[in-house]
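Here is a walk through one protein chain, from a hairpin to its cores and on to a long-range contact. Keep the coordinates open while you read.

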Amino acid sequence: MTPDAHAALLRDVIDGFSHHQKRLSPKYFYDQRGSELFAEITRLSEYYPTRTEAALLESFAAPWLRDFRACALIELGAGNAEKTRILLDALGDGATYIPVDISEDFLRETALEIEDEYPELNVQPSVSDITKTLRMPAVMLSPAVYVFLGSTIGNFETCEAVALLRNVRRQMRASDRFLLGADLRKDIATLEAAYNDAQGVTAEFNRNLLHVLNRDLGTDFDPSMFEHRAHYETKHGRIEMHLIARAAQTVHVPGWKDVSFAEGETILTEISTKYDEATMRSLFEQAGLVVDVWTTDERAWYAMVVGKSGGGAAGD
C-alpha cells in the first residue's frame, strides 16, 4: 500500500468511526481475497443479480454496441470482468477496453487475462477510486461506452451516487453512452436471502473487511468477534449489511486512538439500494444524464439502463 493510499484509508476509518453509527466504506472490501469471495458470491443460488444481469446482457449487449458504434469500453469497478466478456465479444477488432478498479493487484490480473483472451483488443487498465476521480487515457476513442455493472450504484447514498454519475457524465462526449445495471425493488424475503447465503460466503466477505484493516492499517480487530447481519431497511428501500460485536471490546487504530465497541454495537459496512424506474430516472437527471433505454428481465427484478449526456446538472 502506498503512503497516499494508507493516509486515505486512515482518513476514511477515522471519519467512519466518528459517526454515532460506526461505518466503513465498502470500497475496501475488494482486496485480492475480497474480490475472490465476491466472485464466489455471484455464483450462489441465492444471489440472483449477477445471473439476471448476465442474461440481459446476453440478449441486448451486441445490438446495443452495434447501434452505438462503440470503439471503446470503459468498465467502472471492473473486478474480474466476468460479465464484461459478453460486451467484449460484441466489440470490433482494434477497440479499446479500459477496466477501472481500486484493487491494483486484482486489476492487473484481470487485464492480463483479457489480453490473453482478446489479443485484438487494446487493454489499458486504470487504477482509480471511482468515488473520487476517473483517470482516463489522454487520447480516447469515440464513441465510447461507460459501463457500471452489478448494481454497484446502490452501494452509495443518493448524494454520492449523483456525484459519481456526474463524474462519468463529465468524461462523456455527445456520442458516448453509459450502461448501468440496477437491482429493483421486490419481496423482502428474496432480497434478504441474497445477502445471507446458507453457506456463509457473504459473512466471510463481510468480515474480510476487518482483515484488510488489520493488514493495511495495523488495527488489531479479531474478526471472529464480529458476526454478519444483512436486513432490508424499508424506509430507504435498501439492504444494510452490518458487522455486530459479539462482546464489548477495544480496537487500536494506529495513527488515531483506541476505539471501543459495546456488545451488540454494529459497523455499517454496506448499503445496497433497490430502485424503481422513477428513482433511477431521478438519479440520472440530477447528474445531467438522460435515460435512453430502460430494459428489465421478465420478473422485473433487474434493469439495464442506457444513458447519454444531457448537458450540465445543478451543482456543476
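**From hairpin to core**

Start with strand E9 (residues 249-252), which pairs with E10 in the antiparallel sense over 4 bridges. This is a predicted model. Within the pairing, Thr250 has Ser260 in E10 as its bridge partner. E9 and E10 form a hairpin, with 5 residues between them. Gly255 sits in the turn and has a positive phi of about 90°.

In a regular strand, side chains alternate between the two faces of the sheet. E10 shows this pattern. Val259 and Phe261 point to one face and are buried. Asp258 and Ser260 point to the other and are not buried.

Where does Phe261 belong? Phe261 is among the residues with the most contacts inside the largest nonpolar core, which has 35 residues. Val13, Phe17, Leu24, Phe221, Phe226 and Ile267 are listed with it. The elements that give two or more residues to this core include helix H1 (3-17), helix H2 (32-41), helix H7 (188-194) and helix H8 (201-217). Strands E7 (226-233), E8 (238-245) and E10 (258-261) do so too. H8 gives the largest share, 6 residues. In soluble globular proteins, nonpolar side chains tend to be buried together.

Phe226 gives a local view of this packing. Leaving out residues up to four places away in sequence, Phe226 touches Phe221, Phe261 and Ile267, among others. Its contacts also include Arg207, Leu210, Leu243, Arg246 and Gln249. Apart from this core lies another, of 33 residues, with Leu134, Tyr146, Met280 and Ala303 among them.

Now take H2. Its buried residues are Gly34, Ser35, Leu37, Ala39 and Ile41. They pack against helix H5 (104-117) and H8.

Next comes a sheet. Three strands form an open sheet in the order E7-E8-E11, and the pairing is antiparallel. E7 and strand E11 (266-273) stand at the edges, each with a single partner strand, so one side of each is left without a neighbour in the sheet. Neighbouring strands here are turned by 20° against each other on average, direction ignored. E8 and E11 are joined by 7 bridges. Met241 stands opposite Glu270 in E11.

Helix H3 (residues 48-68) deserves a separate look. H3 has 21 residues and reaches 28 Å from its first C-alpha to its last, close to the 30 Å expected at 1.5 Å a residue. Where is the kink in H3? A kink of about 50° lies at Phe60, shortly before the proline Pro63. The buried residues of H3 include Tyr48, Glu53, Leu57, Trp64 and Phe68. Among the elements that cover the buried residues of H3 are helix H4 (84-88), strand E5 (144-148), strand E6 (177-183) and H7. Strands E12 (289-296) and E13 (302-309) are also included. After H3 comes Arg69, whose phi is positive, near 55°.

Arg69 leads on to Pro143, since Pro143 touches both Phe68 and Arg69. Pro143 lies in the loop between strand E4 (126-127) and E5. Is Pro143 buried or exposed? Buried means under 20% relative accessible area. Pro143 has 18% relative accessibility, so it counts as buried. Its contacts also include Ala70, Cys71, Ala72, Ser175 and Asp176, not counting residues up to four places away in sequence. Leu73 is 70 residues from Pro143 along the chain, yet their C-alpha atoms are separated by 9.1 Å.

Key
Residues numbered from 1 in each chain as written. Predicted model: local features only at pLDDT ≥ 70, side-chain atom pairs only at ≥ 80, totals over all residues. Heavy atoms only, no water. Core = buried A, V, L, I, M, F, W, Y, C linked by side-chain atoms within 4.5 Å. Buried < 20%, exposed > 50% of the residue type's maximum accessible area, 1.4 Å probe, protein only. Contact = heavy atoms within 4.5 Å. Pairing = 2+ DSSP bridges. Axes fitted to C-alpha atoms, helices over the stretch in contact; angles between N-to-C directions. Expected span 1.5 Å × (residues − 1). Bend = angle between axes of the 7 residues up to and from the residue.
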